[in-house]
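Open your viewer and get ready to click along. We'll take the tour one selection at a time.

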Amino acid sequence: MTSNEILDLLFSTLRTTGVWNFQFNIIVMWAIGSLFIWLAIAKKYEPLLLLPIGFGIFIVNFPLVPMMGYADGGYPHLLQFFYRYGLEWEIIPCVIFLGLGAMTDFGPLIANPKTLIIGAGAQLGVFITFTGTVLAGFTLKEAASVGIIGGADGPTTVYLTQHLAPQLLGANALAAYSYMAMVPILQPPIMRLMTNSKERVIKMRQLRTVSRQEKILFPMITAGIIALLVPSVIPLMGMFMLGNLMKESGVVARLTDTAQGSLMNIVTIFLGLSVGATMHADKFLSWKPLFIFGLGLIDFGVCTIGGILTVKIMNKFLKEKINPLIGAAGVSAVPMAARVVQMEGIKYDKSNHMLMHAVGPNLAGVIGSAAAAGMFIAMFD
Amino acid sequence: MKRLMLLTVIFCFLLSGTVAAQSVPEEFLGIPVPEGELVKQSKKRLELMSPKTHDQLLGYYKEQLEGMEDIKIRDWTDQSYIEDDSNRPWHSITIDKEPEGGKTRVVIMKDNWTWIIGTLLLRYVGVFVVLLVLLVGMTISGKIISSRVEKTEAKK
């Protein structure tokens, strides 16, 4: 064997390694992936999602890794497989909603249905951001998918983005989950800015007890009304209500346990990894994700303002006043936003516990953001 | 002499009008325009009457727009509606199904903020409507069930 042959052999071996095909832009993506892993572990910000998302970003940004491409026979690689059948087919967000439904107690919303209006008012940012995004040169479909970030509902954001602008999936999902995790930091200053000291101490009457029959009937009524008015979003809301019906019926405990436990955990892993895997340096490193993060923040703020303003307007017509702080919970981000309301409320009156009152608009926000997503889908389909 | 001048002016005016009516632009806001008679044209809107049938015109636009992304074609009862959902300068093409005097009306609209804001406002109100209907449904069902539960408990 000559020295040239040995060198050729060495080079041909080297060419199959990532070192030979290294590009410097992937270092930025490693940093982004590591940042989200750090936020999940050190700060405990939405760790169930940010950890797999961060690792997804990290692992796909190595040269030649067979993760998000296709094998020679046309078969999808591992993460491409999760992405295609989980997200492209819009299955994962719906299964997550099934689990969420199985975890959710709609009692506070049923006891005080007026809070549904707050959930609608809190979608203000979604529509305002749409306008800003169009002005920035995004297409209408992209604008709709960016706008829904303010709804602070991860699965709805993923569902709508995958439906309308899959190229923005990574950035939108990351922005939505990041801001949801940062609710305790982002919302209190807005809440203080939008309310005065008198409003913050308004005490609300204790919620009535909700019967089991009402709780069983609620998912049926909601699914029926959503199916009639916004049919495009029924895959999400239908599964949400099925999960809740399973829980409230009390006759399928095993199914409820599976939906809110194992199944939910499994799809969460696939969701996080698939979303992270869409963020390859070649596609992700542009001005668009940065812009989406900026707009998402404004969106989130306007949605919070929208919820609080809605309560203030409602108070003009109501005999029994509502504490405007609970308007902030209209952005979904269940149950974090409701907890923030509780924490903020007791700062001004230690006996004023608003957690259950805030859960109503919180759940209404989930339905409201799904309705807004349905409106957008209907606009373009 | 005055009459002659007046007649000349009127003749020129009519002639220019006829020429304008016949001079159909080859494109409007980047979208090809089929043969026909120009009815009205402004910066935002172009309206023409084409001797082609609705199906021929629809086929023409489908061919022209083939491969373009974010194009939506809707088949309405009395019109076919083609809408652009990306950033193209034109917003919509409407083709009437019923011909007028053997000609088909085609209207091309510029991408406009009135439409965007209008549709957004409508959809925001739509979210309220959905949740209000749900509110009504929940209130009614809540009252019915509560009264039934109370009656059952009273019997006990």
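Which residue stands opposite Ile93(B) in S8(B)? Select Ile93(B) and look across: the partner is Ile108(B). Before moving on, a word on what's on screen: this is a predicted model, where local features need pLDDT of at least 70, side-chain atom pairs count only at pLDDT 80 or more, and totals for chains, interfaces and linings use all residues. Residues are numbered from 1 along each chain as its sequence is written, while chains are lettered from A and ligands numbered from 1 in the order in which they are written.

**Stop 1: the sheet in chain B**

Color chain B by secondary structure and you'll find three helices and eight strands. Helices (H or I, at least four residues) and strands (E, at least two) are DSSP runs, numbered from the N terminus. Walking from the N terminus, you pass α-β-β-β-β-α-β-β-β-β-α.

Now pick out the open sheet: six strands in the order S3-S4-S8-S7-S6-S5 of chain B, with antiparallel pairing. Two strands pair if DSSP finds at least two bridges between them. At the edges sit S3 and S5 (71-75) of chain B, each pairing on one side only.

Zoom in on S7(B) and S8(B), which are joined by five bridges and run antiparallel. Then slide over to S3 (residues 37-41) and S4 (residues 45-50) of chain B, an antiparallel pair with four bridges. These two make a hairpin, with three residues between them. Click Gln41(B) here, and you'll see that its bridge partner in S4(B) is Leu46(B).

**Stop 2: a loop residue**

Select Lys97(B), in the loop between S7 (90-96) and S8 (104-110) of chain B. Is Lys97(B) buried or exposed? Something in between: Lys97(B) is partly exposed, with 16 other C-beta atoms within 10 Å. The rule is that 20 or more other C-beta atoms within 10 Å of a residue's own make it buried, 12 or fewer make it exposed, and anything in between is partly exposed, with C-beta atoms placed from the backbone.

Show the neighbors too: not counting residues up to four places away in sequence, Lys97(B) touches His54(B), Asp78(B), Gln79(B) and Ser80(B). Here, contact means C-beta atoms, placed from the backbone, within 7 Å. Gln79(B) is 18 residues from Lys97(B) in sequence, but their C-alpha atoms are 5.1 Å apart.

**Stop 3: crossing helices in chain A**

Hop to chain A and select H4 (residues 78-88) and H17 (residues 262-277), whose axes come within 9 Å and cross at roughly 110°. The axes are lines fitted to C-alpha atoms, for helices over the stretch in contact, and angles run from 0 to 180 degrees between N-to-C directions. H4(A) and H17(A) are therefore roughly perpendicular to each other, a label for angles of 65 to 115 degrees.

Show side chains where they meet: on H4(A), look for Leu79(A) and Phe82(A), among others, and on H17(A) for residues including Phe270(A) and Leu271(A).

**Stop 4: helix H20**

Next, select H20 (residues 336-348) of chain A. Its buried residues include Met336(A), Val340(A) and Glu344(A). Turn on H11 (169-181), H12 (183-194) and H21 of chain A, which are among the elements covering those buried residues.

**Last stop: where the chains meet**

Finally, show both chains together. The contact takes 33 residues from chain A and 26 residues from chain B. On the chain A side, the elements giving two or more residues are H7 (116-121), H8 (124-135), H9 (140-147), H14 (212-229) and H21 (355-380).

Notes. Contact = placed C-beta atoms within 7 Å. Parallel < 35°, antiparallel > 145°, perpendicular 65-115°, else oblique.
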